[in-house]
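I opened my notebook to look up two things today: a sheet and any enclosed empty space. Here is what I jotted down along the way.

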Amino acid sequence: MSASPRCPSGAEFYICIYAAREGDYVLFHHEGGVDVGDVDAKAQKLLVGVDKKLTEDAVKGRLLTHVPADKREVLASFVVGLFNLYEELFFTYLEINPLVVTKDGVFVLDMAAKIDATADYICKAKWGDIEFPPPFGREAYPEEAYIADLDAKSGASLKLTLLNPRGRIWTMVAGGGASVVYSDTICDLGGVDELANYGEYSGAPSEQQTYDYAKTILSLMTREKHRDGKVLIIGGSIANFTNVAATFKGIVRAIKDYQVPLQEHEVSIFVRRGGPNYQEGLRVMGEVGKTTGIPIHVFGTETHMTAIVGMALGHRPIPNQPPAAAHTANFLLNTSGSVSTPGTSRTASFSEPKAASNASPAKKSKPAIPPVKATTLFSKETKAIVWGMQTRAVQGMLDFDYVCSREEPSVAAMVYPFTGDHKQKFYWGHKEILLPVYKNMGDAMKKHPEVDVLISFASLRSAFESTIETMQYPQIRTIAIIAEGIPEAHTRRLIKRADEKGVTLIGPATVGGIKPGCFKIGNTGGMLDNILASKLYRPGSVAYVSRSGGMSNELNNIISRNTDGVFEGVAIGGDRYPGSTFMDHVLRYQDTPEVKMIVVLGEIGGTEEYKIGQGIKSGRIAKPVVCWCIGTCATMFSSEVQFGHAGACANQASETAVAKNQALMEAGAFVPRSFDELGDIIKKVYDDLVASRVIVPAKEVPPPTVPMDYSWARELGLIRKPASFMTSICDERGQELLYAGMPITEVFKEEMGLGGVLGLLWFQRRLPRYACHFIEMCLMVTADHGPAVSGAHNTIICARAGKDLISSLTSGLLTIGDRFGGALDAAAKQFSKAFDSGLLPMEFVNKMKKDGRLIMGIGHRVKSINNPDMRVQILKDFVKQHFPATQLLDYALDVEKITTSKKPNLILNVDGFIGVAFVDLLRTCGGFTRDEADEFVEIGALNGIFVLGRSMGFIGHYLDQKRLKQGLYRHPWDDISYVLPEHMSM
């Protein structure tokens, strides 16, 4: 392929390659250029199936029929090469118009293309640095780039699109599906011109990530005032696994930081959220409203998800006191006094009659025909293998099993290639059980032939290979792929392989699915409080299918409040090509007698929902279908917006949510006017089925109680226990490491150095700069004193004996004591006691001599008054210049005058100097009381200076011996005096 700086003259052609679920389509028209017209209607089209190759013969026979014969060979070769490049570089769309062919070759004059950004980890080197332009009609904003950068560095999902920076309606929504629903509702209520942004945060972002996201929103919305004030909608569906209180902490921090601007811009905040620990999150959010004076209205799962939009825009009254949602503890604590598991609470649907068996095996296939996929994916006997060390998700599945009164856990084993085979501990009700973890999938399958479901928590990089491997085992009939960001080309290959094997795929990019009373995938349904609140521990009569995982949990809530509950629910995932489609599951529900009505939450993008309409028209789907497609706001935006899900983008008019909702209504589905009315129409259909006796509600039976995990009970503030340890110097639990309460970023920003860090960790104080410098000088002068001293000697001998660094260092450190290096504490204590007692220097010396005790810190084997230790001299000059007072040092120097008059080497050595100078530092720097200063001396803090400093030297000696490749040390005989025992020599 070549490109020319000038326009060559020759025959102009049109070619386009684009991806679809079933393969890649190649469009070719023999008349290219600006007047090409409707190529979809005019062009020759060829489908290249998934995993198939394009050949020159196929190109000539199907695409080049109207091309002059003399150009077919070169064009056929070019098209095949272009298609191979398209596949190799993970393009999803590639259009060339015009493509010019002359006697000199093939020239590309204009090209438009889309690549699959999720293939970045595969194609980064081939792509190079790519900048993605903003959609036509919309500017690129630095804040969008900032959030995109945060998103790229995070395992969570963070998205921001600015629509109208001067708008008064701002959103901060958790969840890809929920973010679309909120935008829809704002537009439905007439707020499209004032909607400032679209965005979402999901996937359990950390407190710091949520803070960074929130402060970006608050910064943008407080730049220009609006005559009517502004509103911020902090919304979301019911989270599956995100700790709501933890993420709200970041938002609360941002609100506090922007308290004054928010008040000046007359911002009102409306909050609605559910999920793990949401009650605490709402409480904290309400408290910050009271303390800051910012109007913050908070609502939980008792309020319809989008009701706060109507409140914010003045279409609904704001309740004075919203109904209090039951606390997590109300559901989980055992109030019956019994720890035994009650009998089965409900084993069949609310509707009668009950099915004879809850499981129907897949039909046997005829030879040469792909196996038929099972109608029933999960039963009370379903067993699964979980790929990945997702202990929290597995424990959630086991708790669900227990509350559903299953006889055995649904998880048979786990597969984790990065460890050896072992057992992992979990809870089954009140008991602890062990589940096997295998390094190799083959071993797991062989030892657990009863397993027919695999739940894959593999990363986006390994999900494809591990899923292909899983499908080698015929026992697996259902695979759930949780990972988001798998390249579309890989997903299509998985779909093709699954169809060949008769395997049902759920996902990718999904939370999974749930069958109340039977089985749940991973984190689906959230924690136990939501499972119990939404009555997911027993089957109802309503089955649903959605794309969004968060919205599937919201559907659990809506359905449980308006019907007898959920029979089964599946989130097929937000990718462009989900492993199974809406229609796949709707047909399963149609063929399941216990399901009496079906709910579908569709989405902008794709045309799958039309198949449901066709099924209703043809009579294949006879049960009532309530359907709503989210993304209706897209037709009201002036520029293209990529919503939270990869597949949520309309490429043509028929893929818009508005068009699909209209078609479904015309086909006979029950379609509400907006998401706000979804619960109402579900209730109406259900009530009609009850009235006609299609559904016969059954009596409720309470589920068994499940003990609450200690960690979660503590998170909720329900219990307390004495801590095994207490610490006041460091806290690593938050987003940023704290040294004595000081963030590590501040430590570096203030250039505190090693001395400052030591001050924080040892003394819990920010010491003056001269004190920090003195500490560093002490470490420098005590770092080493040659190989002959006992500590270095021991380290060297250990190193030469082949011991490791830690062992050799420890050997040297063990020699430190009063006789070697450990005189700092002893000297500080002796001199302090004498000085504080009022003893004159001479009296102190005489007393120590009378008691027969050495004066610690006095004396040196080599140095003397005539050969002074320069280390001491350096420290003395610094201390005299910078310390506010040096009373104890002066006292020690007077003692030195007395001792050196008796013997020149009885000098104040470096240990003694550091000891007494440190006492002066602690007593006079202004950071400690006298009692605190004395306490640090008493508990041995000063010896730590020598230990820390000399460790540097010991490590140096170890590395030196290893570098010099010194052999095992043996002490020479001539340096040992061999003597007989005294009684023998006599």
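My entries start with the sheet and end with the cavity.

**Entry 1, the sheet.** I noted to begin with that I am working from a predicted model. I looked up the strand order and found an open sheet of 7 strands with mixed pairing, running β15-β16-β14-β13-β17-β18-β19. At its edges I have β15 (422–428) and β19 (504–506), each of which pairs on one side only. I also checked the twist: ignoring direction, neighbouring strands here are turned by 25° against each other on average.

**Entry 2, one strand pair.** How do β13 and β17 run with respect to each other, parallel or antiparallel? I found them parallel, with 4 bridges joining residues 384–387 of β13 to residues 453–456 of β17. For I385, I wrote down L454 in β17 as the bridge partner.

**Entry 3, a helix on the sheet.** Next I followed helix α15 (residues 463–470), which packs on this sheet. I listed its contacts as β13, β17, β18 (478–481) and β19. Against the direction of β18, the direction of α15 makes about 175°.

**Entry 4, empty space.** Rolling a probe the size of a water molecule over the atoms shows where empty space is left. How many cavities of 30 Å³ or more are there? I counted 1, and the volume of the largest cavity is about 30 Å³.

Which residues line the largest cavity? I wrote down T375, T376, L377, K515, F567, E568, R588 and T592. Sorted by class, that lining gives me 2 nonpolar, 3 polar and 3 charged residues.

Conventions: Residues are numbered from 1 along each chain as its sequence is written. This is a predicted model: local features need pLDDT of at least 70, side-chain atom pairs count only at pLDDT 80 or more; totals for chains, interfaces and linings use all residues. Side-chain values use heavy atoms; hydrogens and water are left out. Two strands pair if DSSP finds at least two bridges between them. Axes are lines fitted to C-alpha atoms, for helices over the stretch in contact, and angles run from 0 to 180 degrees between N-to-C directions. Contact means heavy atoms within 4.5 Å. On a 1 Å grid over the protein atoms alone, a cavity is a set of points where a 1.4 Å probe fits but cannot get out, and a pocket is an open set with protein on both sides within 12 Å along at least five of seven lines; lining residues have an atom within 4 Å of a point. Grid points are joined across faces, edges and corners, and a volume is the space filled by probe spheres set on the points. Ala, Val, Leu, Ile, Met, Phe, Trp, Tyr, Cys and Pro count as nonpolar, Asp, Glu, Lys and Arg as charged, and the others, Gly among them, as polar.
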